[in-house]
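Opened the notebook to go through the ligand site and one helix pair. Pulling up the sequence and model before writing anything down.

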Amino acid sequence: MTHVAAIDEHHPTVVGLREVLAKIAAARGSHEVELVAVSKTFDADAIRPALAAGHCVFGENRVQEAKSKWPALREEYGGIVLHLIGPLQSNKAKEAVALFDMIESVDREKIATAIAKAADTVGRMPRCLVQVNIGREPQKAGVAPEETAALLDRCRALGLPVEGLMTIPPVDEPPGPHFAALKALADEHGLKTSMGMSGDYEEAVHQGAHWVRVGSAIFGKRPPLDPA
Ligand SMILES: *Cc1c(COP(=O)(O)O)cnc(C)c1O
């Protein structure tokens, strides 16, 4: 217990967290919404105030970075649920399966197969989402909308517990129609959705998002990422 700090309600991260939770509560109507607090690029000291305030669902986009922060934080705080929200390479599948409780970025058969194999080896199967390239952007990760049904079939055959569809809509277009398209596709398959970030999570919640992935509105501005 000596490690666990008291809640500091005036810490900017705690203020941000409370504000995001309040806006979600106002936007969600009667459906359930889970806030994934995206802590990528922020170190353990920056994350602790959110943990001390009772938040336990976090998202990271890189396996290596997550591995350097979360095992220690898990020794300090119970109940942490960690989502991988960035692209996964087959050679990192074992590490990802050992560390993450949910992998949101399953977007091709090769990675689904690698996760299934890794789960067998590690003896632990994370929950999964299939990432959809809803705006059909050539450079973007995600399965094409029209190929989603086939990938879902493959995931089921491999034993992956797929709970929903995840997307990142095009940055230069209004997100609303893309959120609606993802929700419609998810409904066809009886699945939930992960959509909405700091700039548009309220809109995503209005459109029925089950998970929203919010980083900078909680933790503050990130240093710009390298374009790679
Ligand atoms: C970084 C990131 C987010 C959070 O972005 P913010 O704009 O800081 O809220 C959400 N989803 C994915 C996939 C990300 O990589």
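For the ligand shell I call a residue near if one of its heavy atoms lies within 4 Å of the molecule. This is a predicted model, where local features need pLDDT of at least 70 and side-chain atom pairs 80 or more, while totals for chains, interfaces and linings use all residues. Numbering starts from 1 along each chain as its sequence is written, and side-chain values use heavy atoms, with hydrogens and water left out.

**Ligand.** I looked up what surrounds the ligand and found Val 38, Lys 40, Ile 85, Ile 168, Met 197, Ser 198, Arg 213, Val 214, Gly 215, Ser 216 and Arg 222.

Next I checked polar contacts (N or O pairs within 3.5 Å). Polar backbone atoms of Gly 215 and Ser 216 each sit 2.8 Å from a ligand oxygen. The side chain of Arg 222 puts an N or O atom 2.7 Å from a ligand oxygen. The protein buries 90% of the 390 Å² that the ligand exposes alone (Shrake-Rupley, 1.4 Å probe).

**Helices.** I then took H2 (44–52) and H3 (63–76), which pack at about 35° with axes 11 Å apart. Helices here are DSSP runs of H or I, at least four residues; axes are fitted to C-alpha atoms over the stretch in contact, with angles from 0 to 180 degrees between N-to-C directions.

Terms used. Helices (H or I, at least four residues) and strands (E, at least two) are DSSP runs, numbered from the N terminus. A polar contact is a pair of N or O atoms within 3.5 Å; within protein, one must be able to donate a hydrogen and the other to accept it, and residues adjacent in sequence count only if both atoms are side-chain atoms.
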